[in-house]
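Welcome to this short tour! Keep your viewer open and your selection tool ready, and we will go from stop to stop together.

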Amino acid sequence: MRSLLFVPADSERKLEKGLESGADILIVDLEDSVSAANKRAAREMAAAFIAGRDRASAPALYVRVNDLATGLTDDDLAAVIAARLRGVMLPKSGGIDDVRRLAVKLRVHEARAGIEDGATRIIPLVTETAAGVLNAATYATGEPRMEALTWGAEDLSAAIGAQATRDADGRLTDVFRLARATTILAASAAEVPAIDTVFPDFRDLDAFRRSCEEAVRDGFAGCMAIHPAQVPIINEVFSPSPEAIAEAEGIVAAFAAEGNPGVVAISGKMFDRPHLRRAENLLSRAGKSAGA
Ligand code: COA
Ligand code: MG
């Protein structure tokens, strides 16, 4: 899961374009990109779009529902679950309890639609409220449906009354850097991938590439997009390079050749268990099983 492209559910044109974007996942949005007046039509369009697609073919389809406090979530789920989606993105998640509340709802909707229990996965947006950031440690207690964690800056900024999320040089300010770092730590503690948030300035692709490179450096496994032009950059930057794959394979092979010791030397450099773990993670991101 490298690239996750948001598509407003009430735009047939963008839904179709999303299919050609090369994104690993399309997030069909019923929340912030759809006006209140359009929610009902958007649900129907989302359901028709998803039902007309083969679940096995790329991109995988997620739906972002409206948050649990809106009173809209159940109607969102009732409209789309029968169409068989890969998962549901939960905005403004306040902690693992909200993920569990959604999981219970999914169980009911799956049963009604004759879909296997647990088939629909969940990705929560974990930093859209102040309480959400402070409760992020709770995700470590886990919920089997949870496939990844991601974060958002705009709703948090509105919630806390910040005037901007970035400084004059384009760097995230402290609260948002904390939210970003919290997401990485919470995802790692929950043993699921961390997905970086959207980059709103969709015309500045150089700045976006830099942001993706920093995300890879810091431990994110993928990134959300709001525009198709961002997708190839995400796919490129978040796919390990052939050199990085070869190096990781060399590390795994060296440990295996020496009977899996605590530490090995390769070309005059020391590699111990954290290096091995990092190499295995990289190979699993590259779709190669470690040791193979
Ligand atoms: N998914 C699929 N296709 C998209 C797209 C998206 N997210 N964003 C743009 N496109 C399409 C456009 O329809 C256009 O296709 P067309 O010329 O064949 O009609 C093409 O890509 C180029 O779009 P462009 O003119 O550069 O942008 P725009 O002004 O039409 O749209 C946004 C800009 C921001 C409104 C649009 O990118 C968008 O809706 N993004 C998603 C917003 C969202 O979901 N937000 C919620 C999460 S933060
Ligand atoms: Mg939002």
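Begin by colouring domain 1 and domain 2 separately: their centres, taken over C-alpha atoms, are 33 Å apart. To make the selections, use residues 3-237 for domain 1 and 242-285 for domain 2. Keep in mind as you look around that this is a predicted model.

**Stop one: the ligand**

Now select ligand 1, which sits in the second largest pocket. How many residues surround ligand 1? There are 16, and the closest are Phe-6, Arg-13, Lys-14, Ile-226 and His-227. Show the shell as sticks and sort its residues by character: you should find seven nonpolar, three polar and six charged. Next, highlight β1 (3-8) and α1 (12-19), since each of these elements supplies at least two residues of that shell.

**Stop two: polar contacts**

Zoom in on Phe-6 and look at its backbone, where an N or O atom lies 2.8 Å from a nitrogen atom of ligand 1. Then pick Lys-14: an N or O atom in its side chain is 2.8 Å from an oxygen atom of the ligand. Select Lys-17 as well, and you will see a polar side-chain atom 3.0 Å from an oxygen atom of ligand 1. If you switch on a surface here, consider how much is hidden: ligand 1 has 890 Å² of accessible area on its own, and the protein covers 67% of it.

**Stop three: two backbone details**

Leave the ligand and travel to the loop between α2 (39-51) and β3 (60-64), where Pro-59 is found. Which kind of peptide bond joins Ala-58 and Pro-59? This bond is cis, with omega at about -5°.

For the last selection, choose Glu-191, in the loop between α7 (174-190) and β7 (194-196). Check its backbone angles: phi is positive, at about 60°, although Glu-191 is not a glycine.

Note on methods
Residues are numbered from 1 along each chain as its sequence is written. Chains are lettered from A and ligands numbered from 1 in the order in which they are written. This is a predicted model: local features need pLDDT of at least 70, side-chain atom pairs count only at pLDDT 80 or more; totals for chains, interfaces and linings use all residues. Side-chain values use heavy atoms; hydrogens and water are left out. A residue is near a molecule or strand if one of its heavy atoms lies within 4 Å of it. A polar contact is a pair of N or O atoms within 3.5 Å; within protein, one must be able to donate a hydrogen and the other to accept it, and residues adjacent in sequence count only if both atoms are side-chain atoms. Accessible areas come from the Shrake-Rupley method with a 1.4 Å probe; for residues, only the protein chains shown count as cover. On a 1 Å grid over the protein atoms alone, a cavity is a set of points where a 1.4 Å probe fits but cannot get out, and a pocket is an open set with protein on both sides within 12 Å along at least five of seven lines; lining residues have an atom within 4 Å of a point. A molecule sits in a cavity or pocket if more than half of its atoms lie within 2 Å of its grid points. Helices (H or I, at least four residues) and strands (E, at least two) are DSSP runs, numbered from the N terminus. Ala, Val, Leu, Ile, Met, Phe, Trp, Tyr, Cys and Pro count as nonpolar, Asp, Glu, Lys and Arg as charged, and the others, Gly among them, as polar. Domain bounds come from an automatic or database domain assignment.
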